[in-house]
Amino acid sequence: MTYDPNNVFARILKGEIPCKKVYEDAFALAFHDIAPKAPVHVLVIPKGAYVSWNDFSEKAPAEEIAGFVRAVGAVARQLGLEEPGYRMLINTGRDGGQEVPHLHVHLFGGRVLGRMIPDGV
Ligand code: AMP
C-alpha cells in the first residue's frame with residue numbers, strides 16, 4: 001500500500017488538523033485519541049511516512065526505529081503509567097482493524113484493562 005500524504009495523522013503532523021498533544025520529539029508525536037477507550041488513551045505516531053507496522057519494520061532506518069520505540073516508552077512514563085502498567089496496541093491491516101493508514105501505537109491505561117482480546121477463535 002502506498003502512503004497517502006493526506007491521511008488524518010499526516011495532516012496532524014503538518015499542523016492542518018489540531019490535536020491534544022502530550023509529547024513530541026524528533027521521531028514521534030503523541031496525542032490523545034479523539035474517541036478514548038480507557039481513562040488514558042494516547043496515540044504515538046512516527047514522524048516518518050509509514051503506512052503500518054509492516055512498512056515501518058521493513059523500511060525505516062535503525063535510528064528512526066530506535067527513536068520511535070524510545071519515544072513510546074517516554075510517553076508512557078510521562079503519563080505516569082510505568083508503575084500501574086498499561087497496554088500497547090498496534091492494529092495492522094484489514095484483519096487487525098487498522099483504520100488510519102499511518103502507523104500508530106495505542107497506549108491504554110488508567111484502569112485494569114482485562115485480558116488480551118475478547119475470547120473466541
Ligand atoms: P486504528 O483503528 O488502530 O487505525 O485507530 C485509529 C484511531 O484514531 C481511533 O482510535 C480513532 O479514534 C483515532 N482518531 C481518528 N481521528 C483522530 C483525530 N483527528 N485525533 C485523534 N484521534 C483520532
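1. Let's start with the helix α1, which gives the most to the shell around the ligand, with 3 residues. Helices here are DSSP runs (H or I, at least four residues), strands are runs of E (at least two), and both are numbered from the N terminus. Please keep in mind that this is a predicted model, where local features need pLDDT of at least 70, side-chain atom pairs count only at pLDDT 80 or more, and totals for chains, interfaces and linings use all residues. Residues are numbered from 1 along each chain as its sequence is written, and side-chain values use heavy atoms, with hydrogens and water left out.

2. Which residues are the closest to the ligand? They are D33, N91, E99, H104 and H106, out of 16 that surround the ligand (a residue is near if one of its heavy atoms lies within 4 Å). By class, this shell has 8 nonpolar, 6 polar and 2 charged residues. Nonpolar means Ala, Val, Leu, Ile, Met, Phe, Trp, Tyr, Cys and Pro; charged means Asp, Glu, Lys and Arg; the others, Gly among them, count as polar.

3. Now look at the polar contacts (pairs of N or O atoms within 3.5 Å). A polar side-chain atom of H104 is 2.8 Å from a ligand oxygen. Polar backbone atoms take part too: one of V100 lies 3.0 Å from an oxygen of the ligand, and one of G97 lies 3.1 Å from a ligand oxygen. On its own the ligand has 510 Å² of accessible area, and the protein covers 84% of that (Shrake-Rupley method, 1.4 Å probe).

4. Where does the ligand sit? The space it takes is the largest pocket, by the test that more than half of its atoms lie within 2 Å of the pocket's grid points. A pocket is an open set of points on a 1 Å grid over the protein atoms alone, with protein on both sides within 12 Å along at least five of seven lines; lining residues have an atom within 4 Å of a point.

5. The largest pocket holds about 500 Å³ of space. Its lining has 24 residues, and F9, D33, I34, A35 and L43 are the closest to its centre. The lining divides into 13 nonpolar, 7 polar and 4 charged residues.

6. The second largest pocket has about 350 Å³ of space. Among its 13 lining residues, R87, L89, F108, M116 and I117 are the closest to its centre.

Notes:
A polar contact is a pair of N or O atoms within 3.5 Å; within protein, one must be able to donate a hydrogen and the other to accept it, and residues adjacent in sequence count only if both atoms are side-chain atoms. On a 1 Å grid over the protein atoms alone, a cavity is a set of points where a 1.4 Å probe fits but cannot get out, and a pocket is an open set with protein on both sides within 12 Å along at least five of seven lines; lining residues have an atom within 4 Å of a point. Grid points are joined across faces, edges and corners, and a volume is the space filled by probe spheres set on the points.
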